[in-house]
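Reader: Got a minute to go through this one with me? I'd like to start with the packing and then look at the backbone.

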Amino acid sequence: MPAHRAPRLALALLLASGCASRTPSPSPSPAPASAPVAASAPLVPVYADTAQLRAGAQAVVRAFADQVARARGAPLAEAPTVQVRNAPQLIFFTGASNGIVVPWWDAAPEGMRAVFRTFAGGGDAEAERLFRAFFNRFLIAHEAGHWFQARAGRREATLYANENAANRLAVAFWRTQPGGEAFLAELERLAERAAANLPDPTPAGQDAVAYFGANYQALGAEPLKYGYYQFRFMRDALRDRATLDFARMTAAGAP
């Protein structure tokens with residue numbers, strides 16, 4: 001199976017910025033993690049090195065898989081293994097190796113950092129916080145959602161629907177974790193701000209979701225236009241969080 005290629009925030013962001021990323025050396029195998037994710041973790045963790053990031057990300061993946069197993073009464077499949085390296089897609093699940101690739105801010109090129117400064121509407125500190133909140137925390141569960149979709153046979157019919165389902169799974173998962181509501185409220189604030197900082201590229205009179213689906217490839221080459229849709233889609237899922245129940249969404253036989 002090829003690497004998962006459904007849309008995600010800033011697909012081809014590095015390429016569209018005209019910069020090549022520097023890939024850090026693979027970090028050591030992660031230490032065993034337990035679920036739930038530690039309550040003492042800050043809302044937006046800052047990791048000292050790639051080994052710490054990999055261990056933290058693996059803990060999120062393991063907690064997600066454990067929650068799925070509880071909802072279904074048995075493990076669904078082997079949980080994905082996290083790798084830390086920078087790639088054009090930034091973060092993604094690959095079914096072929098059952099892995100989730102997570103990016104490292106310190107290796108990000110200047111072109112990508114500039115795009116994130118625009119997303120954040122601030123300087124380097126604001127850009128880094130937004131990057132870490134989404135790509136080193138929230139979207140790890142989003143990619144675990146794609147693992148669930150693949151292993152449970154729950155892929156959606158369209159790119160948007162598949163991404164929306166993964167967003168909603170991620171939001172529902174974080175609701176189950178200690179401190180999850182505070183984290184999701186902060187994410188909603190960040191996503192709302194990012195969407196407000198970007199002009200809406202949808203032509204007048206057209207539906208945003210339909211336009212995104214019909215023009216996905218072209219939008220993917222323009223990070224600021226692409227980012228507008230992805231932050232809007234994540235914001236919408238975050239706004240709906242009170243209605244999302246992870247156990248119900250992942251139970252065997254659930255629609």
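**Packing and backbone**

Author: Sure. This is a predicted model. Leaving out residues up to four places away in sequence, F64 touches A141, A144, G145, W147, F148, L169, F173 and F246.

Reader: And which residues have the most contacts inside the largest nonpolar core?

Author: F64, F116, F134, F138 and F231, in a core of 70 residues. Helix α4, residues 124–152, gives the most to this core, with 14 residues.

Reader: OK, α4 then. At what angle do the axes of α4 and α5 cross?

Author: Roughly 120°, and the axes come within 8 Å. Angles over 145 would count as roughly antiparallel and 65 to 115 as roughly perpendicular, so α4 is oblique to α5. The crossing is right-handed.

Reader: Which residues meet there?

Author: On the α4 side, R137, F138, A141 and H142 are among them, and on the α5 side, including A165, A166, L169 and F173. By class, that contact has ten nonpolar, six polar and two charged residues.

Reader: Switching to the backbone: which residue in the loop between β1 and β2 should I check?

Author: L90. Its phi is near 70°, a positive value in a residue other than glycine. Most residues other than glycine have a negative phi.

Reader: Is L90 buried or exposed?

Author: Buried, because its relative accessible area is 0% and the cut-off for buried is under 20%.

Reader: What about N98?

Author: N98 also isn't a glycine, and has a positive phi of about 50°. N98 lies in the loop between β2 and β3 and counts as buried at 12% relative accessibility.

Terms used. Residues numbered from 1 in each chain as written. Predicted model: local features only at pLDDT ≥ 70, side-chain atom pairs only at ≥ 80, totals over all residues. Heavy atoms only, no water. Helix = DSSP H or I, 4+ residues; strand = E, 2+ residues; numbered from the N terminus. Buried < 20%, exposed > 50% of the residue type's maximum accessible area, 1.4 Å probe, protein only. Core = buried A, V, L, I, M, F, W, Y, C linked by side-chain atoms within 4.5 Å. Contact = heavy atoms within 4.5 Å. Axes fitted to C-alpha atoms, helices over the stretch in contact; angles between N-to-C directions. Parallel < 35°, antiparallel > 145°, perpendicular 65-115°, else oblique. Left-handed = near helix turned anticlockwise from the far one by under 90°. Nonpolar A, V, L, I, M, F, W, Y, C, P; charged D, E, K, R; others polar.
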